[in-house]
Amino acid sequence: MDSKKMRECLSLPGAKPETNKDRTDIPFKAHQVALKDLPLHSRQQDDLIAQSKPEVGTLVRSNHNVGQLENNLYKVKRVLQKTQFVDNLSMTHLEEGDPSAILKIIHHLMFRASEKFTAHITNSVVAGVSSDVKYMPDGPFLKNAMLILCDLFGYRSELTPSQFFQTGFVERKLILLLDIYDILKQTRKNLKINSRLDAREAAVCHASDESIKEYQVINHKQQVARNMLFKINTQ
């Protein structure tokens, strides 16, 4: 089939061929921008933003809601699996909101689940927080842990200390655990990005960046080694 017959088969009855004038008459919507109106330097700005170092201590907003008890309980169990929680913990106590079970998980997430996160906390101890916070009894430990979360990451729990040490308030306690895990993940991610950027800034220069390079050329047949000096862009 030639091209003429093919066009006849594909064309709809009564349809007119499109012209250049028809294309130019198509109006732009209010949210559309023509390509010629886009700034040429926008890509460079995006590259600079992408290369900027993220701030590790940022304000954290909870992504978890009350009213989803079974879902939040399932997510906490998944967090324990991902962070390799090995202590003996009764799921019944966790479902009842037992404060001793919740404190075990908080201690695990803040001081054992991630070495980088723990190092960041210990190296950024804020005023009024003891450096031996992980060895404290339950009451002082909770107080210092909440101070760390508030001052370093801008996170405030909706639980009061009296509510925390009561049996109940299960969903609030589960959301607290999930928020701490989210803080851990975000902090670890930002620390990884910053370490890569620091390594790039302090990287060893390549051979092409050096103006003078000394090396040896060895002739194994004659058993002779010659010292060579390579110079480029030198005056």
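# A tour from L80 to the strand loop

Begin by selecting L80, which sits in helix 4, where helices (H or I, at least four residues) and strands (E, at least two) are DSSP runs numbered from the N terminus. The model is a predicted one, in which local features need pLDDT of at least 70 and side-chain atom pairs count only at pLDDT 80 or more, while totals for chains, interfaces and linings use all residues. Residues are numbered from 1 along each chain as its sequence is written, and side-chain values use heavy atoms, with hydrogens and water left out.

With L80 still selected, note that its relative accessibility of 8% counts as buried, a word that here means under 20% relative accessible area, with exposed meaning over 50% and partly exposed in between (1.4 Å probe, protein chains only). Leaving aside neighbours within four places in sequence, L80 is in contact with F85, L89, M91 and I105, contact meaning heavy atoms within 4.5 Å. Next add A113, which is 33 residues from L80 along the chain, and the C-alpha atoms of the two turn out to be separated by 9.3 Å.

**The whole chain**

Zoom out and colour by secondary structure: the protein chain holds 10 helices and 2 strands, and along the sequence they follow the pattern α-α-α-α-α-α-α-α-α-α-β-β. Of its 235 residues, 27% are buried. Among contacts between residues at least 6 apart in sequence, 60% join residues at least 24 apart.

**The nonpolar core**

Select L94, I105, I106, M110, I148 and F164, the residues with the most contacts inside the largest nonpolar core, which has 38 residues. Such a core is a set of buried Ala, Val, Leu, Ile, Met, Phe, Trp, Tyr and Cys residues joined through side-chain atoms within 4.5 Å. At least two residues of this core come from each of helix 4 (69-82), helix 6 (99-111), helix 7 (115-123), helix 8 (138-153) and helix 10 (170-201), and helix 10 gives the most, with 9 residues.

Centre the view on F164 and display what surrounds it: not counting residues up to four places away in sequence, F164 touches P99, I102, L103, I106, L142, L159, K173 and L176. From there move to P99 in helix 6, which is buried with a relative accessible area of 11%. Leaving aside neighbours within four places in sequence, P99 is in contact with F164, F165, Q166, T167 and K173. P99 and F169 are 70 residues apart in sequence, yet their C-alpha atoms are 9.9 Å apart in space.

**Two crossings of helix 6**

Show helix 6 together with helix 8, whose axes come within 11 Å and cross at roughly 45°; the axes are lines fitted to C-alpha atoms, for helices over the stretch in contact, and angles run from 0 to 180 degrees between N-to-C directions. Helix 6 is therefore oblique to helix 8, given that angles under 35 degrees count as roughly parallel, over 145 as roughly antiparallel, 65 to 115 as roughly perpendicular and the rest as oblique. On the side of helix 6 the contact is made by L103, I106, H107, M110 and F111, and on the side of helix 8 by D138, F141, L142, A145, I148 and L149.

Now replace helix 8 with helix 7: the axes of helix 6 and helix 7 come within 7 Å and cross at roughly 90°, which makes helix 6 roughly perpendicular to helix 7. Here L109, M110 and F111 in helix 6 meet F117, T118 and I121 in helix 7.

**H108 and two positive phi angles**

Stay in helix 6 and select H108, which is buried, with a relative accessible area of 4%. Leaving aside neighbours within four places in sequence, H108 is in contact with T83, Q84, F85 and A113. The C-alpha atoms of H108 and K134, 26 residues apart along the chain, are separated by 9.7 Å.

From H108, step across to Q84, in the loop between helix 4 and helix 5 (91-96). Q84 counts as exposed at 63% relative accessibility, and although it is not a glycine, Q84 has a positive phi of about 60°.

For the last stop, select Q223, found in the loop between strand 1 (212-219) and strand 2 (224-231). Its phi is near 55°, a positive value in a residue other than glycine, and at 74% relative accessibility Q223 counts as exposed.
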